[in-house]
Amino acid sequence: MAHTLPDLPYAQDALAPHISAETLNFHHGKHHASYVSKMNKAIEGTDKESLSLEDLVLKADSEGDQGLFNNAAQTWNHTFYWNSMKPKGGGAPSGDLADRIDRDFGSLEGFKNAFSEAGAGQFGSGWAWLIVKDGKLAVRKTLNADTPLTEAGAVPLLTMDVWEHAYYLDYQNKRPDYIETFLDKVVNWDFAAENLANSGQ
Ligand code: FE2
């Protein structure tokens, strides 16, 4: 079975003005769609066709198949990114997630600083992540298509795309403005809390 491009979990204009419909049109409709279609082409007629997307990412990584890994990981990363945002997002987390952010980063501000530094400090294209590993929350930055899915014991909770295609139409070269807006206006804390609860950590 070929993998399909999932619909955005909200309307294309639902994150505007923070992330415009034009950005989502290109980012989801062209970039994400292209990763899905190249991945499908690469696995067509092979025994990898039956693998789940997560297993395909891990398999491509373990076999050192960089081309397949790039497209499979980008397919997974982008779906995770759409869910890491929501209309009228931002604000503060609550419950267990809030307590653990305070415990592991000192405060919400401490988390925001670490996450912003990861996003702004990722040279070139990549991602910033909130993960849980060994029962502790942590921030990661990854290059290009790299993803914490391949880090043993790590469970991704939240991600932010810092490839230029994620923000250039709305923010041009001002990546720090995009990062600040992501955290203040669109981040989906409910999604992170759900992932933490499901992580068993
Ligand atoms: Fe992207």
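Across the sheet, Ala128 sits opposite Met160 in β3. That pair is our way into a few friendly exercises. The model is predicted, so to speak of a local feature takes pLDDT of at least 70 and a side-chain atom pair counts only at pLDDT 80 or more, while totals for chains, interfaces and linings use all residues. Numbering starts from 1 along each chain as its sequence is written, and side-chain values use heavy atoms, with hydrogens and water left out.

**Exercise 1. The strands**

Find out how many bridges join β1 to β2 and how many join β1 to β3.

Step 1. Settle the terms: strands (E, at least two residues) and helices (H or I, at least four) are DSSP runs, numbered from the N terminus. Two strands pair if DSSP finds at least two bridges between them.

Step 2. Take β1 with β2: they run antiparallel and are joined by eight bridges. Val132, for instance, has Leu137 in β2 as its bridge partner.

Step 3. Look at the link: β1 and β2 make a hairpin with two residues between them. Asp134 lies in that loop, and its phi is near 50 degrees, a positive value in a residue other than glycine.

Step 4. Take β1 with β3: six bridges join them, again in an antiparallel arrangement.

Step 5. Compare the surroundings. Buried means under 20% relative accessible area, exposed over 50%, and partly exposed in between (1.4 Å probe, protein chains only). Strand β3 (residues 155-161) has six of its seven residues buried, so it is largely enclosed by the rest of the structure. Asp134 is exposed, with a relative accessible area of 71%.

**Exercise 2. Two helices and what covers them**

Name the buried residues of α4 and α6, then say what covers them.

Step 1. In helix α4 (residues 95-105), the buried residues are Leu97, Ala98, Arg100, Ile101, Asp104 and Phe105.

Step 2. Recall the geometry: an α-helix has 3.6 residues a turn, so residues three or four places apart point the same way.

Step 3. Look for the cover, with contact meaning heavy atoms within 4.5 Å. For α4, the cover includes α5 (108-121), β1 (126-133), β2 (136-143) and α8 (189-199).

Step 4. Follow the chain out of α4: just after the helix, Gly106 takes a positive phi of about 90 degrees.

Step 5. Repeat for helix α6 (residues 164-171), where His165, Ala166, Tyr167 and Tyr171 are buried. Their cover includes α1, α3, β3 and α7 (175-186).

Step 6. Beyond α6, Gln172 is found in the loop that leads to α7. Its phi is near 50 degrees, positive in a residue other than glycine, and Gln172 is partly exposed at a relative accessible area of 33%.

**Exercise 3. The segment before α1**

Is Leu15 buried or exposed, and which residues does it touch?

Step 1. Place Leu15: it belongs to the segment before α1.

Step 2. Check its accessibility: at 1% relative accessibility, Leu15 counts as buried.

Step 3. List its neighbours, not counting residues up to four places away in sequence: Leu15 touches Tyr10, Leu24, Met85, Lys86, Pro87 and Val186.

Step 4. Note a long-range approach: the C-alpha atoms of Leu15 and Gly89 are separated by 9.0 Å, although these positions lie 74 residues apart in the chain count.

Step 5. Stay in this segment for Pro17: the peptide bond from Ala16 to Pro17 is cis, with omega near 5 degrees.

**Exercise 4. Asn71 and the whole chain**

Which residues does Asn71 touch, and how many helices does the chain have?

Step 1. Asn71 is found in helix α3 (residues 66-83), and at 14% relative accessibility it counts as buried.

Step 2. Leaving out residues up to four places away in sequence, Asn71 touches Tyr35, Lys38 and Met39.

Step 3. Zoom out: the chain has eight helices and three strands, in the order α-α-α-α-α-β-β-β-α-α-α from the N terminus on.

Step 4. Along its principal axes, the C-alpha trace spans about 50 × 40 × 30 Å. Buried residues make up 47% of the 201 residues.

Step 5. Finish with contacts: among those with a separation of 6 or more, 67% come from residues 24 or more positions apart.
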